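Trainee: I am new to this structure and would like a close look at one part of it. Could you pick a single buried spot, walk me through it, and then show me how its surroundings fit together?

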Amino acid sequence: MPDALLLLPDFTLIVIGWLVCRHTPLNRPVWDGVERLVYYLLFPALLFSAILRHPMQPSAAATLAACGLAVVGLGVVLAYALRLWPGVDPRLHASGAQVSFRFNSYVALALAERLAGTQGVAWVALLVALCVPVCNIAAVWPLARHGGHGFLRELAKNPLIVSTAAGLLCNLLGLRLPELASITLGRIGAAALPLGLMAVGAGLTFGGLKRAPALAAALLSIRHAILPAVAVALVIALQMPPPQQAIVVAFAALPTASSAYVLAARMGGDGSFVAGLVTLSTLIGMVGLPLALLALRALG
């Protein structure tokens, strides 16, 4: 499938979510419930089952894992550094910083097989397992500090961190679920991708960005310009195998996590500002991700 069409099925679901929310009786209150269902049950089940299904072989994908962590780490450092800008609103920064380094795992897992087959799913599962805890810790920290929440308590309550840590632990211990439990969990998790993508569409809004357009532009520039460019340079310099190169670059160019809005709203941040960032990041990702893969192909 051409790079420009790789994300078409996933972004079609986002558009369907937007249309259903605004032009049918299934309006915003319905999708609020869907978002919570995906965040607290369906997506944790997807993460746990995806990590458990593919035996981890860190030594065989050490370079890929290191690149993924390097991309996320750079995003965290740059996002935190924006707090030092003169005139930056602390609450808006605490709410929106996560947008620069978090990634939409729904899109990542949906895209993996089209980029590199079954092995691509295993590689993305490894990146998700390693990077989701880092991203969520880095996202919770400024919100907890600004809102006076207990940092460790918030981490312990975060369903994505809990499910990822549980999946990693079981995988490394060689534990496997009984077939019936595995099939059931897999079917629960399978619902996360279409519902999660449609919920992203239902939540699309730009209004909150008016509060701090310069901060929004800086955060999105990190997510969609700096990180993909660094990833392309990194995978070429390290001479990684082409399929791994595509996975790392796509990972760096993903839209931000749609659950960023849920986290910000639940922890007393500015939910509308983050919703605007998620919306614009999703739209930029439709064009930016295929362009990043084309740049890799041209330079690699």
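Mentor: Let's start with Leu46, which counts as buried because its relative accessibility is 9%, under the 20% cut-off. Keep in mind as we go that this is a predicted model. Leu46 is found in helix α2. What does Leu46 touch, once residues up to four places away in sequence are set aside? The partners are Leu109, Gly189, Ala192 and Leu193. Take Ala192 as an example: 146 residues separate it from Leu46 in sequence, yet the two C-alpha atoms are 6.8 Å apart in space.

Now widen the view to the helix that holds Leu46. Helix α2 covers residues 28-53, and its 26 residues should span 38 Å at 1.5 Å a residue; the C-alpha atoms at its ends are 35 Å apart, which agrees. Along the way, α2 bends by about 45 degrees at Val38.

You can set α2 beside helix α10, residues 213-237. Its 25 residues reach 35 Å from the first C-alpha to the last, close to the expected 36 Å. A bend appears here too, of about 40 degrees at Ser221. Just after α10 comes Gln239, with a positive phi of about 55 degrees.

Next, look at how the nonpolar residues gather. The largest nonpolar core has 95 residues, and within it Leu64 and Phe273 touch the most other members. Helix α5, residues 105-147, gives the most to this core, with 21 residues. For Leu64, leaving aside neighbours within four places in sequence, the contacts are Trp123, Leu126, Leu127, Met240, Gln244, Ile247 and Val248. There is also a second, separate core of five residues, which includes Phe48, Leu52, Cys170 and Leu185.

Let's turn to two cysteines. Cys131 is buried, with a relative accessible area of 0%, and Cys135 is buried as well, at 2%. Why are they not bonded to each other? The sulfur of Cys131 has its closest cysteine sulfur in Cys135, but the distance is 5.9 Å, too far for a bond, since a disulfide needs the two sulfur atoms within 2.5 Å. By this rule the count of disulfides comes to zero.

Buried places can hold polar side chains too, and Asn104 is a good one to find. Asn104 lies in the loop between α4 and α5, and its relative accessibility of 3% means that it counts as buried. Its side chain reaches the backbone nitrogen of Val107 at 3.2 Å. Farther along the sequence, beyond four places away, Asn104 touches Val200, Leu254, Pro255, Thr256, Ala257 and Ser258.

From that loop, step back into helix α4, where His93 is found. His93 is buried, with a relative accessible area of 3%. A polar atom of the His93 side chain lies 2.7 Å from the backbone oxygen of Ala79. Ala79 is also among the residues that His93 touches, along with Tyr80, Leu82, Arg83, Val88 and Leu215, not counting residues up to four places away in sequence.

To return to where we began, find Leu46 in helix α2 once more, then trace its contacts to Leu109, Gly189, Ala192 and Leu193.

Terms used
Residues numbered from 1 in each chain as written. Predicted model: local features only at pLDDT ≥ 70, side-chain atom pairs only at ≥ 80, totals over all residues. Heavy atoms only, no water. Helix = DSSP H or I, 4+ residues; strand = E, 2+ residues; numbered from the N terminus. Expected span 1.5 Å × (residues − 1). Bend = angle between axes of the 7 residues up to and from the residue. Core = buried A, V, L, I, M, F, W, Y, C linked by side-chain atoms within 4.5 Å. Buried < 20%, exposed > 50% of the residue type's maximum accessible area, 1.4 Å probe, protein only. Contact = heavy atoms within 4.5 Å. Polar contact = N/O pair within 3.5 Å; in protein donor to acceptor, adjacent residues only side chain to side chain.
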